[in-house]
Amino acid sequence: MSELSELYQQVILDHNKKPRNFRKLETANRSAEGYNPLCGDQLNIYLQVEDDQLKDVSFEGSGCAISKASASMMTQAVKGKSKQEAELIFDEFHRMVTGRLNEEKEPNQLGRLTIFAGVRDFPVRVKCATLAWHTLHAALNNQPTISTEN
Ligand code: ZN
């Protein structure tokens, strides 16, 4: 097993066991629900947006380890960022896991999120890894629910 996939497994297991920002956000002024019927993952994303900044981010829900770990790391990655910065990271993440961004060669803001690069080899898992991000995007654009079916 390569070092990268070992790190990947460790991080996924850790975030699955102790998800960060895993609660309902009482101060939320935006939220969205995301559903991935392929796997049965369901997430609620809560945002407190002030002056275009994501002051606070949290999530609740249930799903597989990848969807939960991705949501947990997504909340950490976008907290404190502007809407535009959050959308940029979403775009980079989405391109990385669908094989359209080489995270090692192209400059990006992904940081630790690059551990998810390996899911590009497992198309079914891409929807698990991106569910939280699609739901974040929906919340930022006042869309109450999304399904990754379409
Ligand atoms: Zn899943």
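# Close-up views of a predicted model

**View 1. Glu92 and its neighbours.** Setting aside residues up to four places away in sequence, Glu92 is in contact with Leu101, Pro107, Asn108, Gln109 and Leu110. The model shown here and in every other view is predicted. Glu92 itself sits in helix 3, which covers residues 83-97. Does this charged residue turn out to be buried or exposed, and what is the nearest side chain of opposite charge? Glu92 is buried, yet it has no salt bridge. The nearest side chain of opposite charge belongs to Arg95, 5.0 Å away.

**View 2. The zinc ion and its protein donors.** Look for the zinc ion, and then for the side chains that reach it: Cys39, Cys64 and Cys128 each offer an SG atom, while Asp41 appears twice in the list of donors through OD atoms. These donor atoms lie 2.2 to 2.7 Å from the ion. Along the chain, the donors follow the spacing C-x1-D-x22-C-x63-C. Cys64 is in the loop between strand 3 (53-62) and helix 2 (65-78), whereas Cys128 is in helix 4 (residues 123-140), so this pair ties together parts that are 64 residues apart in sequence. Both Cys64 and Cys128 are buried.

**View 3. Helix 2, enclosed by its surroundings.** Follow helix 2 from end to end: its 14 residues reach 20 Å from the first C-alpha to the last, close to the 20 Å expected at 1.5 Å a residue. How many of the residues of helix 2 are buried? The count is 12 of the 14, so the helix is largely enclosed by the rest of the structure. Among the buried residues are Ile66, Ala69, Met73, Met74 and Val78, and the list also includes Lys68. After helix 2 comes Gly80, with a positive phi near 90°.

**View 4. The largest nonpolar core.** This core has 43 residues, and those touching the most other members are Leu47, Phe93, Phe116, Trp133 and Leu136. At least two core residues come from each of helix 1 (3-17), strand 2 (41-50), strand 3, helix 2, helix 3 and helix 4. Which helix gives the most to this core? That is helix 4, with 10 residues. Phe116 is a good place to pause: leaving out residues up to four places away in sequence, its contacts include Tyr8, Ile12, Ile66, Met73, Phe93 and Ala129.

**View 5. Salt bridges that link parts of the chain.** The model has six salt bridges in total, and two of them are described here. In one, the side chains of Lys79 and Asp56 meet at 3.2 Å, N to O. Lys79 lies in the loop between helix 2 and helix 3 and Asp56 in strand 3, so the pair ties together parts that are 23 residues apart in sequence. Lys79 is partly exposed, with a relative accessible area of 34%, while Asp56 is buried at 14%. In the other, Arg120 pairs with Glu103, and their closest N and O atoms are 2.8 Å apart. Both of these residues lie in the loop between helix 3 and helix 4, so the pair ties together parts that are 17 residues apart in sequence. Arg120 is partly exposed at 31% relative accessibility, and Glu103 is buried at 16%. Elsewhere, salt bridges with shared partners join Asp14, Lys18 and Arg20 into one network.

**View 6. A closer look at Asp14 and Lys18.** Here is one of the links in that network: Lys18 forms a salt bridge with Asp14, with their closest N and O atoms 3.3 Å apart. Asp14 is partly exposed, at 25% relative accessibility.

**View 7. Two residues with a positive phi.** Most residues other than glycine have a negative phi. Asn21 and Asp51 are worth finding for that reason. Asn21 has a positive phi near 55°, and its place is in the loop between helix 1 and strand 1 (30-36). Asp51 has a positive phi near 50° and belongs to the loop between strand 2 and strand 3. Which of these residues is buried and which is exposed? Asn21 counts as buried, at 15% relative accessibility, whereas Asp51 counts as exposed, at 80%.

**View 8. Glu50 and Asn29.** Glu50 lies in strand 2 and is partly exposed, with a relative accessible area of 34%. The C-alpha atoms of Glu50 and Asn29 are 8.9 Å apart, and the two residues are separated by 21 residues along the chain.

Technical notes:
Residues numbered from 1 in each chain as written. Predicted model: local features only at pLDDT ≥ 70, side-chain atom pairs only at ≥ 80, totals over all residues. Heavy atoms only, no water. Donors = N, O, S within 2.8 Å, 3.2 Å for Na, K, Ca; no water. Helix = DSSP H or I, 4+ residues; strand = E, 2+ residues; numbered from the N terminus. Buried < 20%, exposed > 50% of the residue type's maximum accessible area, 1.4 Å probe, protein only. Lys, Arg positive; Asp, Glu negative; His and termini not counted. Salt bridge = Lys/Arg side-chain N within 4 Å of Asp/Glu carboxyl O. Contact = heavy atoms within 4.5 Å. Expected span 1.5 Å × (residues − 1). Core = buried A, V, L, I, M, F, W, Y, C linked by side-chain atoms within 4.5 Å.
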